[in-house]
Amino acid sequence: MHPIDEQTVLVTGATSGLGRALVQRLAEAGATVVAHGRNASRLARTRAEIREVTGRTVDTIQADLAELAQVHRMADEVLERYPRLHALVNNAGVGFGPPGGARELSGDGIELRFAVNHLASYLLARRLAGRLVECAPARIVQVASAGQLALDRADPFTEHHYDGVTAYRRSKLAQVMASFELAADLVGTGVSVNAIHPATFMDTAMVSESGGSPTSTVQEGVDAVWRLLTDPELDGVSGHYFHGTHDAPPDPQADDPAARAWLRRLSDSLVAR
Ligand SMILES: NC(=O)c1ccc[n+]([C@@H]2O[C@H](COP(=O)([O-])OP(=O)(O)OC[C@H]3O[C@@H](n4cnc5c(N)ncnc54)[C@H](OP(=O)(O)O)[C@@H]3O)[C@@H](O)[C@H]2O)c1
């Protein structure tokens with residue numbers, strides 16, 4: 001792998017929680033950091049804070065991942081602005097929501113957690129994969145979760161018996177399944193794709209919104225993702241799911257090729273321009 005201070009790394013959801021802490025760590029290490037956010041003032045504040053703490057400037061890019069046209073536009077912008085890209089961390093995510101929260105839709109009318117957690121990260125990774133291959137060795141990290149639930153082919157958007165935890169868990173397993181598919185597609189290119197549960201109930205906005213009590217620090221999550229991004233021992237390791245720093249089995253649906261192929265067809269049809 002390239003030394004971290006020679007890498008350009010794109011991190012989504014960099015204005016809060018794990019993403020915010022990760023971009024600071026990357027900036028401290030001398031990487032060229034592209035920090036993504038959906039809100040211009042939060043992005044400007046993140047940039048100013050990181051400059052204050054590290055003395056280094058991060059680049060920023062804005063897109064609401066709840067709208068697939070904005071994900072496409074973001075990918076176009078990344079490809080235009082960054083001829084060199086060595087890592088993508090798909091970290092942005094929507095959590096459980098408040099207990100008893102109503103079903104929410106994306107700007108495209110798709111169940112919100114499936115749209116942001118799975119479809120946006122699916123589309124971004126696939127749109128940027130070619131650039132990562134050109135700059136290989138390179139790494140894609142999908143920040144998923146241990147909270148996984150098999151998708152229901154008859155109800156992929158959780159229209160029935162909805163609750164935010166169910167929708168979240170399905171979307172996070174979809175991320176893992178999509179990362180296994182992309183890893184298989186990229187065998188032999190020098191680009192690895194791995195999914196990770198960073199840490200359990202970190203002290204972040206999505207955990208407090210759901211009413212949960214933190215049991216891990218954000219730093220534990222950063223350390224686990226940092227390892228996936230930078231550990232030379234993971235050169236060539238691709239298509240794995242990690243629970244923190246350990247290789248772990250995901251929900252069995254992730255190992256079902258027919259289920260993965262179904263999800264891939266569904267996702268491709270939804271992200272087509
Ligand atoms: N916290 C945990 O214990 C835990 C456990 C397992 C997995 N994870 C995963 O870790 C990742 C980071 O979560 P976190 O705990 O750091 O939560 P967080 O503090 O709530 O951060 C979530 C990030 O995603 C961004 N985001 C949400 N919706 C978006 C949208 N429509 N468009 C663009 N960006 C959007 C948020 O932007 P704003 O700043 O604008 O809100 C924020 O930057 C998520 O993928 C989560 O599922 C977390």
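This is a short tour of a predicted model, with a suggestion at each stop for what to select next.

**Stop 1: the ligand**

Start by selecting the ligand and the residues around it. The shell holds 31 residues, and the closest are Gly 13, Gly 17, Leu 65, Gly 93 and Thr 204. Now colour helix 1 (17-28) and helix 6 (205-209): these are the elements that give two or more residues to the shell. What classes of residue make up the shell around the ligand? There are 14 nonpolar residues, 14 polar ones and three charged ones.

**Stop 2: helix 1 and helix 2**

Keep helix 1 selected and add helix 2, residues 40-54. The two axes are 10 Å apart, and the helices pack at an angle of about 40 degrees. Helix 1 and helix 2 are therefore oblique to each other. Their crossing is right-handed. To see the contact, show the side chains of Arg 20, Val 23, Gln 24, Ala 27 and Glu 28 on helix 1, then Thr 46, Ile 50, Val 53 and Thr 54 on helix 2. Sorted by class, this contact of helix 1 with helix 2 has four nonpolar, three polar and two charged residues.

**Stop 3: helix 3 and helix 4**

Next, select residues 68-81, which are helix 3, and residues 112-134, which are helix 4. Their axes come within 10 Å and cross at roughly 25 degrees. That angle makes helix 3 roughly parallel to helix 4. Helix 3 passes helix 4 in a right-handed crossing. On helix 3, the contact uses Leu 68, Val 71, Ala 75, Val 78 and Leu 79; on helix 4, look for Leu 119, Ala 120, Leu 123, Leu 124, Arg 127, Leu 128 and Arg 131. Which classes do you find here, where helix 3 meets helix 4? Ten of the residues are nonpolar, none are polar and two are charged.

Pause on Leu 79, which lies in helix 3. With 14 other C-beta atoms within 10 Å, Leu 79 is partly exposed. You can also try the distance tool: the C-alpha atoms of Leu 79 and Gly 190 are separated by 19 Å, and these two residues are 111 residues apart along the chain.

**Stop 4: a cis peptide bond**

Now go to the loop between helix 4 and strand 5 (138-143), where you will find Pro 137. Zoom in on the bond joining Ala 136 and Pro 137: this peptide bond is cis, with omega at about 5 degrees.

**Stop 5: two residues with positive phi**

Move on to the loop between strand 5 and helix 5 and select Thr 158. Phi of Thr 158 is near 50 degrees, a positive value in a residue other than glycine. Is Thr 158 buried or exposed? Thr 158 counts as buried, because it has 22 C-beta neighbours inside 10 Å.

His 161 is also in the loop between strand 5 and helix 5. Though not a glycine, His 161 has a positive phi of about 50 degrees. His 161 is exposed, with 8 other C-beta atoms within 10 Å.

**Stop 6: helix 5 and helix 8**

For the last stop, select helix 5 (residues 164-185) and helix 8 (residues 257-271). Their axes come within 10 Å and cross at roughly 95 degrees, so helix 5 and helix 8 are roughly perpendicular to each other. Helix 5 brings Ala 174, Met 177, Ala 178, Phe 180 and Glu 181 to the contact, while helix 8 brings Ala 259, Arg 260, Leu 263, Arg 264 and Ser 267. The residues in this contact of helix 5 with helix 8 divide into six nonpolar, one polar and three charged.

Methods
Residues are numbered from 1 along each chain as its sequence is written. This is a predicted model: local features need pLDDT of at least 70, side-chain atom pairs count only at pLDDT 80 or more; totals for chains, interfaces and linings use all residues. A residue is near a molecule or strand if its C-beta atom, placed from the backbone, lies within 6 Å of it. Helices (H or I, at least four residues) and strands (E, at least two) are DSSP runs, numbered from the N terminus. Ala, Val, Leu, Ile, Met, Phe, Trp, Tyr, Cys and Pro count as nonpolar, Asp, Glu, Lys and Arg as charged, and the others, Gly among them, as polar. Axes are lines fitted to C-alpha atoms, for helices over the stretch in contact, and angles run from 0 to 180 degrees between N-to-C directions. Angles under 35 degrees count as roughly parallel, over 145 as roughly antiparallel, 65 to 115 as roughly perpendicular and the rest as oblique. Two residues are in contact if their C-beta atoms, placed from the backbone, lie within 7 Å. A crossing is left-handed if the near helix is turned anticlockwise from the far one by less than a right angle, and right-handed if clockwise. A residue is buried if 20 or more other C-beta atoms lie within 10 Å of its own, exposed if 12 or fewer, and partly exposed in between; C-beta atoms are placed from the backbone.
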